[in-house]
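Grab a pencil and keep the viewer open while you work. Try each exercise yourself before you read the solution.

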Amino acid sequence: MTSFRSIWQRGPGLGSGIAAITAGVLLLSLSDALVKLNNEGLSLGQVLTVRSGIAVLCLGAVLRLTTRMNIGLARVTGWVWLRSLCLALMWGCYYAGLPELSFSIAAACYYTSPMWMASLSSTLLGTRIGGRGCVAILLGLAGVITILRPGLDEVSPMIALPLLAGFFYALAAVITQGRCRAVPAMSMAMNLNLVLFLGGLGLIAGLWWSGQGNDAGFLLSVWPSLKVADLGLLAGLGVLLAVITALVAYAYQRASAPIIGLFDNGYLVFALFWSILIFGDRPGFIDLLGIVLIASGALLATMASANRGPDLSEGN
């Protein structure tokens with residue numbers, strides 16, 4: 001099994017990749033926490049549209065300054081669009097569930113994705129799961145069941161959304177592994193943000209056409225009026241998304257994706273930290289046990305993937 005000592009002995013390039021992915025998931029968890037903290041004054045459509053629109057502008061400016069604008073549009077195939085659609089659905093499901101769930105529980109359910117990856121890669125790519133993969137899936141399932149105790153009738157049905165988000169994240173990973181490995185990371189990053197922007201516009205148009213107003217909550221409001229502070233928050237989230245995308249792309253260029261994927265799981269730790277610091281939400285013993293079981297399954301699934309060699313991580 002891959003050991004952390006052997007990971008650090010593989011050179012400075014790997015170390016910088018690990019530092020980049022750690023910074024990336026730290027900023028991503030903070031960004032998601034800020035979305036949850038401010039959801040009452042915003043709508044999902046606003047977050048997707050404004051944030052990704054600003055991210056596209058930031059990435060475009062960087063590419064233009066580095067005279068590599070053509071890279072952002074290179075080799076974009078139908079599979080890249082499908083991958084971006086899966087990730088857009090992932091973010092939509094995850095953010096839709098955040099207002100009704102504690103941040104740490106939502107993050108734990110979302111990070112069942114490595115177990116989904118093991119199952120989907122076996123079904124769609126013919127990758128052998130192996131003993132460790134089976135144990136990882138069972139650990140993740142046990143963690144979800146633990147969080148759902150004592151019965152589904154006492155649990156918000158919104159918990160299905162971060163679980164579904166984990167599925168879409170895993171499906172995007174399998175598409176990346178099977179069909180998008182030759183596509184430049186910046187091309188996928190630009191395409192993803194473009195799809196998120198268009199998806200946000202589509203959501204807003206659909207809600208407006210169906211007659212929804214601006215007081216239907218985070219998920220169903222069309223376009224609540226934005227204060228200066230709201231605009232500043234969305235602009236900041238857009239810049240953060242551009243930085244996160246750049247950090248993750250750099251990380252996956254500097255080291256093998258399975259190894260970087262191990263540190264991608266650090267999102268769970270950071271989510272628990274923000275949950276306590278920002279929301280004052282301290283998970284009970286049973287919830288914490290469920291989080292630990294899911295985290296253990298995610299770590300084991302990713303390490304099993306690293307031992308097999310192929311990439312099962314989507315790389316943003």
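**Exercise 1. Work out how much surface the protein exposes, and which atoms supply most of it.**

Step 1: the protein exposes about 13,900 Å², an area that comes from the Shrake-Rupley method with a 1.4 Å probe, where for residues only the protein chains shown count as cover.
Step 2: carbon and sulfur atoms supply 68% of that area.
Before you go on, know that this is a predicted model, in which local features need pLDDT of at least 70, side-chain atom pairs count only at pLDDT 80 or more, and totals for chains, interfaces and linings use all residues. Residues are numbered from 1 along each chain as its sequence is written, and side-chain values use heavy atoms, with hydrogens and water left out.

**Exercise 2. Find out how far you can trust the coordinates.**

Step 1: look at pLDDT, the predictor's confidence in each residue, from 0 to 100. The protein averages 81, and 82% of the residues score at least 70.
Step 2: go element by element. Helix α1 (residues 4-8) has the lowest mean pLDDT, 48, while α4 has the highest, 93.
Step 3: zoom in on the weak spots. Residues 7-11 have a pLDDT below 50, and the model gives this stretch ten contacts beyond near neighbours in sequence; a contact means heavy atoms within 4.5 Å. Residues 309-315 also stay under 50, with 28 contacts beyond four places in sequence.
Step 4: draw the lesson. Where pLDDT is low, the predicted coordinates should not be read in detail.

**Exercise 3. Describe the overall fold.**

Step 1: count the elements. There are 14 helices and zero strands, where helices (H or I, at least four residues) and strands (E, at least two) are DSSP runs, numbered from the N terminus.
Step 2: check burial. Of the 316 residues, 52% are buried; buried means under 20% relative accessible area, exposed over 50%, and partly exposed in between (1.4 Å probe, protein chains only).
Step 3: see who touches whom. Among contacts with a separation of 6 or more, 87% join residues 24 or more positions apart.

**Exercise 4. Test whether helices α4 and α8 have the length you'd expect.**

Step 1: get the rule. The expected span is 1.5 Å times one less than the number of residues.
Step 2: try α4, residues 78-97. Its 20 residues should span 28 Å, and its end C-alpha atoms are 29 Å apart, which agrees.
Step 3: repeat for α8, residues 160-179. Its 20 residues should also span 28 Å, and the ends are 28 Å apart, so that agrees.
Step 4: ask where each helix sits. In α4, 14 of the 20 residues are buried, so the rest of the structure largely encloses α4. For α8, 14 of the 20 are buried, so α8 is largely enclosed too.

**Exercise 5. Trace what Ser-29 and Ala-107 touch.**

Step 1: place Ser-29. This residue lies in helix α2 and is buried, with a relative accessible area of 0%.
Step 2: list its partners. Beyond four places in sequence, Ser-29 touches Phe-103, Tyr-267, Phe-270, Ala-271 and Trp-274.
Step 3: move to Ala-107 in helix α5 (residues 103-110). Its contacts, with the same kind of neighbours left out, are Tyr-94, Tyr-267, Leu-268 and Ala-271.
Step 4: compare sequence with space. Ala-107 and Tyr-267 are 160 residues apart in sequence, yet 7.8 Å apart C-alpha to C-alpha.

**Exercise 6. Is Asn-39 buried or exposed, and which residues does it contact?**

Step 1: find Asn-39 in the loop between α2 (12-37) and α3 (44-65).
Step 2: read its accessibility. At 12% relative accessible area, Asn-39 is buried.
Step 3: leave aside neighbours within four places in sequence, and Asn-39 contacts Pro-99 and Phe-218.
Step 4: follow up Phe-218, which sits in helix α10 (residues 217-220) and counts as buried at 6% relative accessibility. Its contacts beyond four places in sequence include Val-35, Tyr-95 and Pro-99.

**Exercise 7. Locate Leu-277 and say whether it is buried or exposed.**

Step 1: look in helix α13 (residues 267-277), where Leu-277 is found.
Step 2: compare with the cut-off. Leu-277 has a relative accessible area of 54%, so this residue is exposed.
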